[in-house]
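Visitor: I should like to understand how the terms applied to a protein model are justified. Could each answer set the value against its definition?

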Amino acid sequence: MKYQFYTLDVFTNQPFAGNQLAVFPHSEGLSSDIMRKIAVEFNFSETVFVFPASNSQADYQVRIFTPGGEIPFAGHPTIGTAFLLAHLGMVTLKSSATQIILEEKVGLVPVNIYTDNGIVKSSELTAPNPPEFFHNIPSKKALAEVLSLSETDLHSDFSPQAVSCGLPFMIIPLNSQKALSEAKINLSHWEKTLRNTLFPHVYPCYPVSKNLWRVRMFAPALNIIEDPATGSAATAFAAYLVQSQQETDGSWQWLIEQGIEIGRNSKITAIATKQKGIIKDIKVKGECVIITEGYLHLKEKI
């Protein structure tokens with residue numbers, strides 16, 4: 001049997017940048033074990049398998065695998081899959097903005113697909129869950145040691161915080177671009193400090209300006225040394241940033257740059273809205289480039 005696949009670069013409009021993604025648009029017949037093995041074979045941060053929806057409110061069911069196993073939600077796979085489905089004509093484009101619903105393990109994820117003269121340009125997801133802010137955050141000293149940095153490298157105005165909008169991240173603001181560039185995971189300290197928490201994924205960040213942040217993401221728990229662009233982390237980060245806004249009503253937007261240290265420059269737009277002091281919507285938007293298409297050949301029985 002053969003299964004068609006595509007690879008994309010997500011959160012970029014340039015080939016060989018952004019975050020790599022493999023998508024199988026017709027995955028019927030693949031078992032969970034085979035999908036896991038395929039994800040290991042591609043060895044991208046994530047590989048996506050598309051199925052007919054089991055929920056009547058959804059357009060497609062999407063299962064997302066990292067080399068370490070299946071995860072309930074991820075940003076760049078959601079963005080890239082919606083982009084590809086529209087490009088392949090598997091989505092009926094109604095106007096310059098068309099919404100579809102993807103059924104993921106975390107729940108139903110709305111995605112807007114944007115076109116220009118019929119050409120798919122970008123897609124934008126809405127976080128499936130309201131933000132969750134975790135307690136019992138490790139000390140600044142312990143978090144600095146996880147990143148092979150000193151406590152003085154952490155930002156004095158922004159506090160570390162663990163947040164999830166479907167997948168949890170330990171957000172660690174730093175006080176310089178130099179510290180961000182020099183950060184690297186110390187596995188022994190990570191195992192001691194974060195491995196057994198609800199938020200093992202590490203998201204150091206630095207404010208370049210009011211609306212521009214540079215970030216990195218390390219996920220040893222998922223066998224990801226460093227991720228070039230992390231949409232699910234961007235949703236959590238937008239929740240973190242909007243929570244600190246003094247206004248009770250409004251909408252804020254940030255540009256997040258990621259992947260620079262590993263030569264995969266990525267640009268993520270994050271948008272957050274508050275009404276009467278309550279965080280209402282978290283959105284993440286990005287462009288994509290289709291890179292390859294091909295077939296995976298499998299024996300009838302593996």
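Guide: The protein chain has 6 helices and 16 strands. Helices (H or I, at least four residues) and strands (E, at least two) are DSSP runs, numbered from the N terminus. This is a predicted model, in which local features need pLDDT of at least 70 and side-chain atom pairs count only at pLDDT 80 or more, while totals for chains, interfaces and linings use all residues. Residues are numbered from 1 along each chain as its sequence is written, and side-chain values use heavy atoms, with hydrogens and water left out.

Visitor: What makes the protein chain as compact as a globular protein of that length?

Guide: The radius of gyration is taken over C-alpha atoms, and the globule rule is 2.2 Å times the number of residues to the power 0.38. For 302 residues the rule gives 19 Å, and the radius of gyration of the chain is 19 Å, close to that value, so the chain is as compact as a globular protein of that length.

Visitor: Which domains does the domain assignment of the protein chain give?

Guide: The assignment gives domain 1 (2-124 + 288-297) and domain 2 (132-286); such bounds come from an automatic or database domain assignment. Their centres, taken over C-alpha atoms, are separated by 24 Å. The contact (heavy atoms within 4.5 Å) takes 26 residues from domain 1 and 23 residues from domain 2.

Visitor: Why is Ser232 called buried or exposed?

Guide: Buried means under 20% relative accessible area, exposed over 50%, and partly exposed in between (1.4 Å probe, protein chains only). Ser232 has a relative accessible area of 3%, so Ser232 is buried. Ser232 is placed in helix 6. Leaving aside neighbours within four places in sequence, its contacts are Phe73, Ala74, Gly75, Leu167 and Phe169.

Visitor: What is the volume of the largest cavity?

Guide: The volume is about 80 Å³. A cavity is a set of points, on a 1 Å grid over the protein atoms alone, where a 1.4 Å probe fits but cannot get out; lining residues have an atom within 4 Å of a point. Grid points are joined across faces, edges and corners, and a volume is the space filled by probe spheres set on the points. Of the 17 lining residues, the closest to the centre are Glu46, Met217, Asp227, Thr230 and Ser232.

Visitor: How do you know where the largest cavity lies?

Guide: Domain 1 and domain 2 both give residues to its lining, so the largest cavity lies between them.

Technical notes
1 Å grid on protein atoms, 1.4 Å probe; cavity = no way out; pocket = protein on both sides within 12 Å on 5 of 7 lines; lining within 4 Å.
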